[in-house]
Amino acid sequence: MKTLIAANWKMHGNLSWVQKSAEFRALFPAKSKNISILLCPPAHMLEAMARASEGLDISVGAQNCHDQATGTYTGELSAAMVAETGATYVILGHSERRASFGDTDSWVATKTSAVQKAGLKPIVCVGESRTEREAGHAEEVVGSQLAGSIPADADGRNLVIAYEPVWAIGTGLTPTIEDIATIHDHIRGCLTTRFGAKVADKIQILYGGSVKPENAKEILALKDVAGALIGGAGLDMKSLAAIAALV
Ligand code: PGA
């Protein structure tokens with residue numbers, strides 16, 4: 001399985017950033033057998049990014065979508081609309097959306113279902129807050145988010161999970177290597193219960209939260225870490241390429 005190096009640009013950039021696909025390839029030219037690159041720009045860039053990334057073996061993803069196919073949902077995009085742009089992934093349930101835009105587990109579940117039905121691959125984000133970690137509840141919280149965010153009709157063969165501790169996002173803090181390993185192992189266990197070992201073993205579990213060139217090697221070397229979801233360090237193609245080079 002290829003290691004997935006995914007950049008979540010959040011609400012950063014403008015249309016000139018479309019050239020970052022080519023910029024990345026100039027810095028990291030090998031069409032590596034080991035690595036898939038995914039860029040997740042703001043929605044207004046999706047179509048142009050998808051077009052610019054085509055010959056470069058770089059996938060493009062959205063940062064969210066709505067669960068309904070169409071309707072009176074001002075400001076929203078459906079999964080089919082995302083698919084029309086040429087994007088192939090959708091990040092769902094990012095902690096910033098859970099905190100500020102009303103994304104609950106059950107809404108993430110219906111969005112996941114819509115994304116899979118549209119032929120796209122969902123990246124479902126889970127992760128505990130600092131208080132929950134300090135109270136010793138990280139595993140329980142992540143397990144419950146997974147149970148609630150993966151829909152009953154989910155196809156485990158078309159699913160990516162991202163473990164992103166909320167307190168590690170954008171803070172420069174990361175859990176210890178042992179703590180990342182423990183949670184990823186726990187997630188694998190939850191997925192095995194849900195889908196059976198044959199399917200669960202193939203589900204990529206990414207780590208996200210202050211991943212940078214300085215710490216990526218150790219994190220990406222962990223058995224159950226199949227890639228990274230990168231915010232800040234993914235805005236700069238030099239640091240993204242430096243992370244990819246560590247795989
Ligand atoms: P960060 O963000 O790498 O800036 O911590 C990660 C994320 O929010 O996905």
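**Largest pocket.** I looked up the largest pocket of this predicted model and recorded a volume of about 560 Å³ for it. I noted 22 lining residues, of which K10, A43, Q63, N64 and R97 are the closest to the pocket centre. I then sorted the lining by residue class and obtained 10 nonpolar, 8 polar and 4 charged residues.

**Ligand shell.** I turned next to the ligand and listed 13 residues around it, with K10, H94, E164, G170 and S210 coming nearest. By class, I divided this shell into 4 nonpolar, 7 polar and 2 charged residues.

**Polar contacts of the ligand.** I checked distances to the oxygen atoms of the ligand. For K10, I found a polar side-chain atom 2.7 Å from a ligand oxygen. For E164, I found an N or O atom of the side chain at 2.6 Å from an oxygen of the ligand. At G231 I recorded a backbone N or O atom, 2.8 Å from a ligand oxygen. I also looked up the cover of the ligand: on its own it has 280 Å² of accessible area, and the protein covers 95% of this.

**Cysteines.** I searched for disulfides and counted 0. C125 is in none, and I noted that its nearest cysteine sulfur, in C40, is 9.4 Å away. I classed C125 as buried because its relative accessibility is 2%, under the 20% limit. Why is C190 too far for a bond? Its sulfur lies 16 Å from the closest cysteine sulfur, that of C125, whereas a disulfide requires the two sulfur atoms to be within 2.5 Å. I entered C190 as partly exposed because its relative accessible area is 23%.

Methods
Residues are numbered from 1 along each chain as its sequence is written. This is a predicted model: local features need pLDDT of at least 70, side-chain atom pairs count only at pLDDT 80 or more; totals for chains, interfaces and linings use all residues. Side-chain values use heavy atoms; hydrogens and water are left out. On a 1 Å grid over the protein atoms alone, a cavity is a set of points where a 1.4 Å probe fits but cannot get out, and a pocket is an open set with protein on both sides within 12 Å along at least five of seven lines; lining residues have an atom within 4 Å of a point. Grid points are joined across faces, edges and corners, and a volume is the space filled by probe spheres set on the points. Ala, Val, Leu, Ile, Met, Phe, Trp, Tyr, Cys and Pro count as nonpolar, Asp, Glu, Lys and Arg as charged, and the others, Gly among them, as polar. A residue is near a molecule or strand if one of its heavy atoms lies within 4 Å of it. A polar contact is a pair of N or O atoms within 3.5 Å; within protein, one must be able to donate a hydrogen and the other to accept it, and residues adjacent in sequence count only if both atoms are side-chain atoms. Accessible areas come from the Shrake-Rupley method with a 1.4 Å probe; for residues, only the protein chains shown count as cover. Buried means under 20% relative accessible area, exposed over 50%, partly exposed in between (1.4 Å probe, protein chains only).
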